[in-house]
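The following exercises concern helix packing and an open pocket. Each task is followed by a solution in steps.

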Amino acid sequence: MVWLVTQAINQRTSEGRWEEVYEILSQDKSIYLQISEMIETDILRDVLLEEERVPSTNELAKLYAINPATAAKGVNMLVDEGILYKKRGIGMFVASGAKGRILEKRRSVFYDNYVKALIEEATSIGISKEELVQMIMEREK
């Protein structure tokens, strides 16, 4: 169920153009986690580049009609992970190597949440590794 109405924001495309995109906050996950993940996704999509300023907690709070402390919690998570860093009096910026750290983290989560479960289920119903690989390869055709 949607917690907040859709918010329109402008984002830069990979070609350098700005376009309107819609982000939705849901009740499925804590808001600060969603804010953190949206910033990570913008970094992965090159909407936010290394050494580029990210929206302030007040800007995020206004955009999503949330408490600034909630936005700050999401941003500070990324600071703790080395994805963002603070420039005193200026704002938060994307750290060098942030995209690689995000990819590494998301791949690990993907493996833990999907691949392990897939292998366990396949094993429990008698599907060999070879058969599983074959199924995946056939799906790609």
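**Exercise 1.** Determine which residues lie nearest the centre of the second largest pocket, and how its lining is made up.

*Solution.*
Step 1. In this predicted model, 13 residues line the second largest pocket, and those nearest its centre are Glu37, Glu40, Lys105, Arg106 and Val109.
Step 2. The volume of this pocket is about 290 Å³.
Step 3. At least two lining residues come from each of helix 1 and helix 4. Helix 4 gives the most, with six residues.
Step 4. Sorted by class, the lining comprises six charged, five nonpolar and two polar residues.

**Exercise 2.** Describe how helix 1 and helix 4 pack, and state which residues meet.

*Solution.*
Step 1. Helix 1 spans residues 31-44 and helix 4 spans residues 98-124; their axes are 9 Å apart, at an angle of about 115°.
Step 2. The two helices cross with left-handed sense.
Step 3. From helix 1, Glu37, Glu40, Thr41, Ile43 and Leu44 take part in the contact, and from helix 4 the partners are Ala98, Lys99, Ile102, Leu103, Lys105 and Arg106.
Step 4. This contact of helix 1 with helix 4 holds five charged, five nonpolar and one polar residue.

**Exercise 3.** Classify the orientation of helix 1 relative to helix 3, and give the composition of their contact.

*Solution.*
Step 1. The axes of helix 1 and helix 3 cross at roughly 50° and come within 8 Å.
Step 2. An angle of 35 to 65 degrees falls in the oblique class, and helix 1 and helix 3 are therefore oblique to each other.
Step 3. The crossing of helix 1 and helix 3 is right-handed.
Step 4. Helix 1 contributes Ile31, Tyr32, Leu33, Ile35, Ser36, Ile39 and Glu40, which meet Thr70, Ala71, Lys73, Gly74, Val75, Met77 and Leu78 of helix 3.
Step 5. These contact residues divide into nine nonpolar, three polar and two charged.

**Exercise 4.** Carry out the corresponding analysis for helix 2 and helix 3.

*Solution.*
Step 1. Helix 2 (residues 57-64) packs on helix 3 (residues 68-80) at an angle of about 120°, and their axes lie 8 Å apart.
Step 2. Helix 2 is therefore oblique to helix 3.
Step 3. Their crossing is right-handed.
Step 4. Thr57, Asn58, Leu60 and Ala61 of helix 2 are in contact with Pro68, Ala71, Ala72 and Val75 of helix 3.
Step 5. Six residues of this contact are nonpolar, two are polar and none is charged.

Conventions. Residues are numbered from 1 along each chain as its sequence is written. This is a predicted model: local features need pLDDT of at least 70, side-chain atom pairs count only at pLDDT 80 or more; totals for chains, interfaces and linings use all residues. Side-chain values use heavy atoms; hydrogens and water are left out. Axes are lines fitted to C-alpha atoms, for helices over the stretch in contact, and angles run from 0 to 180 degrees between N-to-C directions. Helices (H or I, at least four residues) and strands (E, at least two) are DSSP runs, numbered from the N terminus. Angles under 35 degrees count as roughly parallel, over 145 as roughly antiparallel, 65 to 115 as roughly perpendicular and the rest as oblique. A crossing is left-handed if the near helix is turned anticlockwise from the far one by less than a right angle, and right-handed if clockwise. Contact means heavy atoms within 4.5 Å. Ala, Val, Leu, Ile, Met, Phe, Trp, Tyr, Cys and Pro count as nonpolar, Asp, Glu, Lys and Arg as charged, and the others, Gly among them, as polar. On a 1 Å grid over the protein atoms alone, a cavity is a set of points where a 1.4 Å probe fits but cannot get out, and a pocket is an open set with protein on both sides within 12 Å along at least five of seven lines; lining residues have an atom within 4 Å of a point. Grid points are joined across faces, edges and corners, and a volume is the space filled by probe spheres set on the points.
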